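Work through these short exercises with the model open beside you. Each task is followed by a solution in steps.

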Amino acid sequence: IVAGVLANVAVSGRSWSESLLGILVGGGVFFLIILASGGGMGGGDMKLGAMLGAFLGWKVTVVAIFVAVVVGGIAALGVLLTGRKGRKDPIPFGPFLAVGGAVALFWGPSLLTWYLDAFSG
């Protein structure tokens, strides 16, 4: 997370506050899910979200989380429909969060601009 803040400021030219807000958004979303679900999600997801926020900044982190939820939902639906997992079986979210982070790293700003332009009326 510290490396993410340093890299974000040194390489991207964003302010350190953008990185810190990214940590709060990326880790905070999963912290709230952990609290609300009573432990249905692990602390590793929270740390990974905070790390993504440190590297990507808060706006692109939102894109990463959105992509992770969509890809994870599609994968979960697939394993449920094929019977490989049951409704109560755990499905790790970290790999989907990593995919969302990679997509956001390469195409996050473009996806965010497209989305805001498409739905801004």
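A crossing is left-handed if the near helix is turned anticlockwise from the far one by less than a right angle, and right-handed if clockwise. Helices are DSSP runs of H or I with at least four residues, strands are runs of E with at least two, and both are numbered from the N terminus.

This is a predicted model: local features need pLDDT of at least 70, side-chain atom pairs count only at pLDDT 80 or more, and totals for chains, interfaces and linings use all residues. Residues are numbered from 1 along each chain as its sequence is written, and side-chain values use heavy atoms, with hydrogens and water left out.

**Exercise 1. Describe the overall chain.**

Step 1. Take the secondary structure: five helices and zero strands. Along the sequence the pattern reads α-α-α-α-α.

Step 2. Take the extent. The C-alpha trace spans about 45 × 35 × 25 Å along its principal axes.

Step 3. Take burial. Of the 121 residues, 31% are buried. Buried means under 20% relative accessible area, exposed means over 50%, and partly exposed lies in between (1.4 Å probe, protein chains only).

Step 4. Take the contacts, where contact means heavy atoms within 4.5 Å. Of those between residues at least 6 apart in sequence, 66% join residues at least 24 apart.

**Exercise 2. Characterise the packing of α2 and α3.**

Step 1. Two packed helices are described by the angle between their axes and the distance between the axes. Axes are lines fitted to C-alpha atoms, for helices over the stretch in contact, and angles run from 0 to 180 degrees between N-to-C directions.

Step 2. Helix α2 covers residues 16–37 and helix α3 covers residues 43–56; they pack at about 160 degrees, with axes 6 Å apart. So α2 is roughly antiparallel to α3. The cut-offs: under 35 degrees is roughly parallel, over 145 roughly antiparallel, 65 to 115 roughly perpendicular, and the rest oblique.

Step 3. Assign the hand. The crossing of α2 past α3 is right-handed.

Step 4. Find the contact residues. On the α2 side they include G22, G26 and G27, and on the α3 side they include G43, G49 and G53.

Step 5. Sort the contact by class: seven nonpolar, seven polar and one charged residues. Here Ala, Val, Leu, Ile, Met, Phe, Trp, Tyr, Cys and Pro count as nonpolar, Asp, Glu, Lys and Arg as charged, and the others, Gly among them, as polar.

**Exercise 3. Find and classify the aromatic pairs.**

Step 1. Set the rule. Rings of Phe, Tyr and Trp (its six-membered ring) pair if their centres lie within 6.5 Å; planes under 30 degrees apart are stacked, over 60 edge-to-face, and the rest tilted.

Step 2. Search the whole structure. Four aromatic pairs turn up.

Step 3. Classify F93 with F96. Their centres are 6.5 Å apart and their planes stand at 45 degrees, so the pair is tilted. F93 is buried at 16%, and F96 is buried at 16%.

Step 4. Classify F106 with W107. Centres 5.9 Å apart and planes at 55 degrees make this pair tilted. F106 is exposed at 59%, and W107 is exposed at 52%.

Step 5. Look for a cluster. Ring pairs link F30, F93 and F96.

**Exercise 4. Is N8 buried or exposed, and which residues does N8 touch?**

Step 1. Locate N8: helix α1, residues 2–12.

Step 2. Read the accessibility. N8 is buried, at 1%.

Step 3. List the contacts. Leaving out residues up to four places away in sequence, N8 touches G13, R14, S19, A54, F55 and G57.
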